[in-house]
Structure formats: C-alpha cells, structure tokens
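Open your viewer and get your selection tool ready. We will take a short walk through this structure, one selection at a time.

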Amino acid sequence: MNRKTTEKIIEGGLALCGALTILVTLGIIWVLFSESVNFFSEVSIVDFLTDPEWTPLFTQKHYGILPLLSGTLLTTAIAIGTAMPVGLIIAVYLSEYAHKKFRSRVKPVMEILAAIPTVVYGFFALTVVTPFLQSFIPGVSTFNALSAGLVMGVMIVPMISSLSEDALFAVPKSLREAAYGMGSTRFQTSFKVIVPAASSGILVSIILAVGRAIGETMVVAIAAGQQPTLTFDPRQSVETITAYIVQVSLGDVQHGSLEYNTIFAAGITLFIVTFILNHISYWIKKRFQEKYE
Amino acid sequence: MSNATVNRAIDLLFKYTGIFCTLSALVILAIFLINIVSEGLSRIDWQFISSLPSRKAERAGILTAWTGTVWILSLTAIISIPFGVSAGIYLEEYGRKNRLASIVEVNIANLAGVPSIIYGLLGLEIFVRILNFGGSLLAGSFTLALLILPIIIVATREALKAVPKTLREASYGIGATKWQTIWYQVLPAASGGILTGIILALSRAVGETAPLIVIGALAYVPFVPTNPMDEFTVMPMQIFNWISRPQHEFLVNGAAAIIILLLITFIMNGIAIYLRNKWQKKINW
Amino acid sequence: MKIIEAIDVNAYYGENHALTNINIEIKENTVTAFIGPSGCGKTTFLRMMNRMNDYVEGFRKEGTLLIDGKDVYRKKVKLEELRQHVGMVFQRPNPFPKSIFENVAYGLRIRGVGNKKEIEERVEKSLKKAALWSEVKDSLHKSAYSLSGGQQQRLCIARTLAVKPSIILMDEPASALDPLSTSKIEELIAELKQQYTIVIVTHNMQQASRISDHTAFFYLGSLIEFDKTNVIFTNPANKQTENYITGRFG
C-alpha cells in the first residue's frame, strides 16, 4: 500500500474522531428534544412556563418550571454574588500587585480548590456552613439556598480568578508602562486601564462561571434541598433544576411515563440556557483574541 | 487631604483587601480539610476499605465503591483517550481554517460548558436504553468518556500548538510526510502536555456523581463488579448516599470516604502538575 | 548541464507580489549565492525549490520552476521524493530532540531503510562529509542539544546529506553562528560543491564572494543581475547591483 493512500486513510480516521464531537451535540439535542416533545404533548408550554408549582410526583400534579428556575436562579445569584467580587479582586491582586513568589505559591492552591469533587463541597455545605449560618441568622432551615450558594461561590472563585488573570496578563505591557509613566498608582492603573482593556476576557470568565453555577448538581442536591419552592428567601429550602433530575433518577419512576419525561423537560431548559451562555462567551472571546493578536 | 494621599490610601487599602481575599481562599480550604479529616480520619481502617456497604454504619465499607471507581476510570480512559487525542490531532494539524473547522471549534467549546447532568440524560437514553447496556459500568464509562472528551481535545490541541514550528519545518525539509512528521516528531514533543491533560480529565471523571446517578449507578451495591456489564457504584456516589442519611455514623463514614477520594484526586492532580512542569521546561529548547 | 531552471516565475503572498518574472539557470556542481536586502524575495525563491512555501497561507505562484527538467509544481509530484533530492539547511539550527545518531538516521528511517548496518554506515559517512564525525563519534547517543550551535548546524547538514540529495539549499546557514563556526561551514561548502549543487541565501556579501561561483542579486522581488561571482563583485553590469555591493543601500 503506497504512502499516499496510507496518509489519506489516517487523515480520514482522525477526521472521523473530530466529527464525533458534532455527533455528541446532535445526540444531546435529539435526546432532549424528542423526550421533551413527549412531555409537551401532555403539558402545555404555557402551563410549563407559568404554573407556580412543580409537583409531578405528588397526587395533585403541577408542571410549572418556575419553582425550579427560581431555585436555580437564587443559588446561582448567591454563588456569583460571592465569587465575582472575590475572584476579581484575587485576579487583580495576583496579576498587578503580588510578588512572583506569592503567585507561584497561591496558584497551586487555587488549582487544588478547583479540583475538589463537588460532592465534597456538598458535604461541607451541609455539615459546616449550614450550622455556622444557623448560629447567627434566624430562620435558616437545615436545607437552604444560602449555604449551597455560598459554597458554590467558593467552588467557582478559582475559575473566575484564573480566567480573569489570564485576561489581565494578556494586556500588553506597554499600556501599563504608559499609565505608570504618568504617575498612576497601581490601583488606578489596574482599574482604570488594565481591567477595562481586559474586560472582554473578564466578562467571558463570569459568563462561564454563571453557566457552571447553573449546571451544578451535587452541592445543591445535598445542601439546598429537594423541595421546589418559589421563593427568593435564601434561608429556605429550594430545589434546582439539576437537583430535581437527581431526585427523579434516584426514585422508581417508570420509564416513558409523564413523570419520567419531566426530567427531559427540565434538562432541555437547562441545556438551552447554558447553550446560549456558552455561545455568547465564545464569540466574545474570539473578538477579544483578535484584538491582541 | 490631597489627591495624592487619597490615591495612595486607596491603593494600600486594595492591596490589603487583595491579600485578605487570597488568604481567605486558603483559609477556607484549610478549614474544609481540617474538618473532614477530623470527622473521618478515625473511621479509616482496613475493615473500612475492604467491606461491602451495609445498613449498619459500623459494618459498611467502601469496597464496592473504590473498585467501581477503578473500573470506571480504566474503561473511561480506554474509550476517551484514543478518540480525544485523535480528534485533537485532526483539529490542530489537519483542520483547514474554514467554516467547518470553526463550527467544530464552537461546538467543542459548547460541549465543555454543558452541565454534567445533561451528559447523564444523554447516556441514559443512548447507552442505557437504546444500546441496552443497562445501568452498567459500560454505560457509565461511555457517558463519562463523552463528558471528558472536550477536555482531552483542548489539552491535546494546546500541547500540539506549543511545539515549535521549526521542528515541523526540519522534518518536512527532509522529506517526511505529514503523518510521519506528526507521529515521529510532533506527538513525542507534545506528549507531556497531552498526558497532563489526560490525567486532569480523568481526575475530573473520578469525582463525577450526577451523570452516573442519572444513568442508574445504584446507591446500594453489595458486590464487587467483575465485568463491564455489571451494575456498580463509585466513591462519590457512595459518599452522596451516606451523607444523605440522617444518622451521624453515616456522616462519619462519608467523611472517611471523602478523605480517600480526596487522596486519589490530589495524587492524580499532583502527578499531572509535576508532569506539566517537567514538560514545560523541556520545550524551552 | 542546467539543473535548476526558472522561467517567468512569479510568487504572491495574498496580495503581496513577492517575486516578479524570475528567470535563471543554475548549473550542476556550482555554488550560487542569492544576495539582496531584506524582503527582496531571495528566501521566497529559495523555498520554492523544495516547496516549503506550501505551508504559508495565501502563497501562490505563476510560471515554471524546473529541477532536472521536471516541473516542481506539477500535479503528480511526490513531495517526499522532491525533498530527498533537494535538501535544506535552515537559518537557525533545528536538530530533532533526539540523539545525534538518530537525527542523521531519521531521513533513512522514514524511507523504510531498516537494515541496522546500512543505517550505521550511512550515518557515519554523512557525519564525515559534514566534518563532524571526529567530534561526535564517541558520543553518538548523546542528545543533539548537547552540541554547540556550530556543531548543531553541521549536524543538520549531515542529516540532509544522509538521504543523498543532489541539490542543497541553505537559508543563511551561518547567520546564527560565531565566526569560527562560520568559517568551518564555509570550508564545508567548498568541499561539498564537488558532489552537490548548492544554492545559498546570504546577507553577508563577503561570504558570498568567498564561497560562491555565481551570484544572483535580488531587489524588491526582481532578479536584477546574475553572473559569475567575480564579475558581480568587481564589475557589475547594473547600477543597482553596484550600489548594493558598495554599500550605498541595503
């Protein structure tokens, strides 16, 4: 077999592996879509989007996604509200202020934080954070959104800080030299010049972090609860979209039944949200890269 | 107070805020670890590691959980590595800068951000139901393989990108074909980075729970799996199962199992970081 | 016997017209130097001969480039054979991250030469031809990076010689080297020309006048003058050539 044919065959084989990735996406879309169609043939989209109760497993069945959405939103908001300022401050500090030695010590620790399995964070939320909160905030229930949100925040900080740091690092030295040359303090240079220049990259890191928080399962399943409640009170027990899917998977729901199909309806909602977020951040990143290349 | 003084004060204030935030992260990590170790360390003994799960907390052990983890890790590696590395090679070395290539690129970026539980739903439908693997190790590892595929692809591409152009030039200059150049020169040079990426991806797979719950990994598995079609559980699932129970003894079991899981995770990440440092020094020739 | 022939060759990088109507004939067993200021197209033209420009996005060519009477850009050309026939030494030494022995053996191995003895013989012969053998014969299995810059460049030459080319292209081979290594390389070129045809791009005019038989002066993508070296450097026909030689610009 001559060289050229071998080369073509190898290239074809590799290309097939590349095409596999498209298959995966198509597979996800097909699975979610087809099962959701079954669901929506029995439950109207209007009900799905507006009913304030989600009780598919009770005798009085309601199929409104709002409680799950509010659970997801609440925990995500708390997580991002914690992680965004902290992550950014850490990123700016490490990038613009800290000594090389300090950076090189801290970065591995951040990597460790990011590597810890989420179920461990869930344990921590349940056994340490909740009791801690209960000790000085009245009305915090055993399962609550605040604990889960705060712990998710800690989990996400490394992601925001390292991605933002990369973005800050990519800003050309000449910009810093110009600012310092004019007598700016580090704080002024960082926040008036560097952060704005790196804003797309930082934005991307935040969007990705939001997607991460929305898709997080174990921390909320363990610490936030399995009671879908339409509320914005973080002390209460809530259920997120992801925790619901876990709840059903652990139970004995019949395959093909309407209750079973609810997990796909929940799943497709989740997928659409993260799909949009991922694409927005991808295009922002592309434009940002072109700016500095 | 003059402008300059105020500015300097703000600068100093931020500096301390930055140190505070950074150290807080370290402190919180330390609190986690101390808490978990203090809760669970005493529970770890040979009996714990070698026992099957049980309704009685004192008798329950992680045997099925860690054997399940080893199985899942091996199968996932076997499935994901060849496909992931090949796809990475194709995209980086062969993909033209055309519309198809950029669609695939967006696609991978998207897949990397899809919540892991969605992969569980995919696996449930395709591997468990349609292909009839049931809630088996095979279904679990295929599902996880798809999950970590984007990670391996991106790591492979980054490693290949880092190989200096002059190496490829020298190889082409002497008349090597594209594949010969990749196989004999580029891949060996990129192998450190690729390996690092693979280990990090697998370490992620070890800690995954949600997708496996969805495909039907069981909460209670009183036997050690012996073949890929067996039902199974893994460490994170066992942990989840135990800490979901009200009794304190199960919480302790959970903490003990967490220590072991963390050990596995840290060792894997440690190896990966060590390899990455070695490799990065090497390519600065 | 003309071995390299260019007929109305034009080259483009996207919109940039890099070479305009190049016509030249290079004879066998000669050393030809390409000189000219930066950006004049001499390297572009050199790299057309072994089709290394194929890897640059937006590269286009017109005209005919013949080597041994065969069109280098013909449809059915086998690049691997072309590059065995036409070897290249690059500006910065780029040995493979392998041992000295394996660097030279690489070209043989990828062509399926399996016989251990044959490989060893050819490696030794090439290293001798490249005037490197005596310095490395006892450490063939050491990494190529343990050699000095000048030695690495001679290793790259040995690597090219091992596959038995007839033409050797050199893209400023000594510009990254110290004067001593440079003179060693120049001695080597003088010896090699008995067996090979050499085309060398150089910024160093003294080097061109020392080692080449013919010299081609390029400027802004055109071939201004091509003649025997001593004519170019003592009595050039073209005013621009004279200005460049005497340092009035460049």
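Begin with the two domains of chain A: in this predicted model, their centres, taken over C-alpha atoms, are 30 Å apart. To select them, use residues 3-42 of chain A for domain 1 and 66-292 for domain 2.

Now show the residues where the two parts meet. On the domain 1 side of chain A, 10 residues are in contact, and they touch eight residues of domain 2. Together the two domains of chain A bury about 930 Å², and 82% of that area is on carbon and sulfur atoms. For a closer look, draw L32(A), E35(A) and F39(A) as sticks: this trio supplies 54% of the area that domain 1 of chain A buries against domain 2 of chain A, more than any other three residues. How many salt bridges does the rule find across this interface of chain A? The count is zero.

Next, move to chain B. Here the selections are 3-43 for domain 1 and 48-282 for domain 2. A line drawn between the C-alpha centres of these two domains of chain B spans 32 Å.

Colour the contact residues of chain B next. Seven residues belong to domain 1 of chain B, and 14 belong to domain 2 of chain B. The buried area between the domains of chain B is about 790 Å², with carbon and sulfur atoms giving 72% of it. Which residues of domain 1 of chain B lose the most area to domain 2 of chain B? Pick I36(B), E39(B) and R43(B), which together make up 73% of what that side buries. Across this interface of chain B, too, the rule finds zero salt bridges.

For the last stop, look for enclosed space. With a threshold of 30 Å³ or more, the count comes to one cavity. The largest cavity holds about 40 Å³ of space. To find the largest cavity, select its lining: A170(B), G173(B) and I174(B) from chain B, with M88(C), F90(C), R159(C) and T160(C) from chain C. Switch to a cartoon view and highlight α7 (165-173) of chain B and α6 (149-161) of chain C, the elements that each give two or more residues to this lining.

Finally, colour the lining of the largest cavity by residue type. You should get four nonpolar residues, two polar ones and one charged one.

Notes. Residues are numbered from 1 along each chain as its sequence is written. Chains are lettered from A and ligands numbered from 1 in the order in which they are written. This is a predicted model: local features need pLDDT of at least 70, side-chain atom pairs count only at pLDDT 80 or more; totals for chains, interfaces and linings use all residues. Side-chain values use heavy atoms; hydrogens and water are left out. On a 1 Å grid over the protein atoms alone, a cavity is a set of points where a 1.4 Å probe fits but cannot get out, and a pocket is an open set with protein on both sides within 12 Å along at least five of seven lines; lining residues have an atom within 4 Å of a point. Grid points are joined across faces, edges and corners, and a volume is the space filled by probe spheres set on the points. Helices (H or I, at least four residues) and strands (E, at least two) are DSSP runs, numbered from the N terminus. Ala, Val, Leu, Ile, Met, Phe, Trp, Tyr, Cys and Pro count as nonpolar, Asp, Glu, Lys and Arg as charged, and the others, Gly among them, as polar. Domain bounds come from an automatic or database domain assignment. Contact means heavy atoms within 4.5 Å. Buried area is the accessible area (1.4 Å probe) that two parts lose on being put together, summed over both. A salt bridge is a side-chain nitrogen of Lys or Arg within 4 Å of a carboxyl oxygen of Asp or Glu.
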